[in-house]
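Visitor: I have a model open at the bench and would like a short tour. Could you take me through it, a few spots at a time?

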Amino acid sequence: MQEEEKVERVIVVGAGPSGLSAAACFTKHSIPYIILEREDCFASLWKKYSYDRLHLHLSKHFCQLPHKPFPPSFPQHVPKNQFLQYLDDYVSHFAIAPLYQRTVELAQYDDARRCWKVEARNGDSGEVEKYCGRFLVVATGETSDPFVPEVEGLSSFPGKVIHSTRFSSGKEFKDKHVLVVGSGNSGMEIALDLINHGAKTSILVRSPVHFVSRGMVSLGLFLLKYLPLSSVDSLMVMLSTMVYGDVTKYGVRRPNEGPFYMKVKHGKYPVIDVGTYKKIKTQELKVLAAEIESVRGKDVLFKSGELHTFDSIVFCTGFKRSTTKWLKGDDYLLNDDGLPKPSYPIHWKGHNGLYCVGLSRRGLYGAAADAENIANDISFFMQHP
């Protein structure tokens, strides 16, 4: 690619659901664009780095991408394989053709030329390619770089140590003692999968968590259209208490803040229970509440003084974002952790034609809304330069 690109061209970084949503919206508005994707496929997190039993946690009408609903035959909570089928159809329908194995190393606004200059390394050739676009869309997502905390002595652990992105199924862990570190939805569901496949499983639950059912979440999202967030949260906590009882009996603390408030304020999802809580109640899943002090061979020492022996450790400790390593000159839109500084709902628009999609901590629904907003904004700008 040569530097003399069309000034109107949009450069999208990332071909996950957020980038695909943006591409579809640009196509609807006849806005030319390119997508740069560091992996060798679109939606790589779903295709290569997610566990087998994964389903969309929310009802399908909250998870569809712009301009193409899920087929009516799909279940309310779409499983991974059908979501991938939907994405394949989506890419074909909108003729989306990302440029794969392009790792963006630099994106900087050129004041003189009034465009974004982007440098991306081609994974096949090893060469750095240069692009130029009037608009730049960061679509690298909230889950771009797996995070594993530093643990003293972890390198001495002789068993398998993996991040959740490398876990596919509990089959290989039958009869093994496995520690799951992290109590978000991935940690809870991976722990359930391990138990279902015969692993002797413990889960480290350091933070307070809300347990809710899929039905509760659907009800809450519906009520949020009509009631204040605080009222909906009060109802969610009441329903959770009625259904799950006193969770503290099992070593789990309930947060002081409501589930939807925590989602908006901190980006922390409630645990949407798909069977894990029952395993906690029957003590098939052992809950550990203390932080890890150190690892010595197979022994894991906790700050409570407890010592437990494990064969494998699965870190379900989330993700970081590396946007600030390559995006230069932006002091308005994204913070050091690669998340928007402006508050919702104006979080998606920066300065000089910089945008972000899918970083509002509102899942696929939020990414779809961002994509629509960005396409509308660019379309308006191109018609009224």
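**A walk through the model**

Guide: Let's start with Asp110, which is buried, its relative accessible area being 15% (buried means under 20%, exposed over 50%, partly exposed in between, with a 1.4 Å probe and protein chains only). Before going on: this is a predicted model, where local features need pLDDT of at least 70 and side-chain atom pairs count only at pLDDT 80 or more, while totals for chains, interfaces and linings use all residues. Residues are numbered from 1 along each chain as its sequence is written, and side-chain values use heavy atoms, with hydrogens and water left out.

Visitor: Which residue has its backbone nitrogen 3.1 Å from a polar atom of the Asp110 side chain?

Guide: Asp110 sits in strand 3, residues 102-110; strands here are DSSP runs of E with at least two residues, helices are runs of H or I with at least four, and both are numbered from the N terminus. Leaving out residues up to four places away in sequence, Asp110 touches Cys115 and Lys117 (contact means heavy atoms within 4.5 Å). The backbone nitrogen at 3.1 Å from the polar side-chain atom of Asp110 belongs to Arg113.

Visitor: Is Leu106 buried, partly exposed or exposed?

Guide: Leu106 is found in strand 3 too. Not counting neighbours within four places in sequence, Leu106 is in contact with Lys117, Val118, Glu119, Trp326 and Lys328. At 23% relative accessibility, Leu106 counts as partly exposed.

Visitor: How far apart in space are Leu106 and Thr323, C-alpha to C-alpha?

Guide: In sequence, 217 residues separate Leu106 and Thr323. In space, the C-alpha to C-alpha distance between Leu106 and Thr323 is 9.7 Å.

Visitor: Are helix 1 and helix 3 roughly parallel or roughly antiparallel?

Guide: Two packed helices are described by the angle between their axes and the distance between the axes. For helix 1 (residues 17-28) and helix 3 (residues 80-93), the axes come within 10 Å and cross at roughly 30 degrees; axes are lines fitted to C-alpha atoms over the stretch in contact, with angles from 0 to 180 degrees between N-to-C directions. Angles under 35 degrees count as roughly parallel, over 145 as roughly antiparallel, 65 to 115 as roughly perpendicular and the rest as oblique. Helix 1 and helix 3 are therefore roughly parallel.

Visitor: Which residues of helix 3 meet helix 1?

Guide: On the helix 1 side, the residues are Leu20, Ser21 and Ala24. Their partners in helix 3 are Leu87, Tyr90 and Val91.

Visitor: And how are helix 5 and helix 6 oriented, roughly parallel or roughly antiparallel?

Guide: The axes of helix 5 (residues 214-223) and helix 6 (residues 229-244) come within 10 Å and cross at roughly 165 degrees. That makes helix 5 and helix 6 roughly antiparallel.

Visitor: What is the phi of Ser30 near?

Guide: Most residues other than glycine have a negative phi, and most peptide bonds are trans. Ser30, in the loop between helix 1 and strand 2 (33-36), counts as exposed at 64% relative accessibility. Its phi is positive, near 55 degrees.

Visitor: Which residue follows Tyr344 across a cis peptide bond?

Guide: The cis bond from Tyr344 has omega near 10 degrees. The residue after it is found in the loop between strand 19 (327-328) and strand 20 (354-356), and that residue is Pro345.

Definitions and conventions
Polar contact = N/O pair within 3.5 Å; in protein donor to acceptor, adjacent residues only side chain to side chain.
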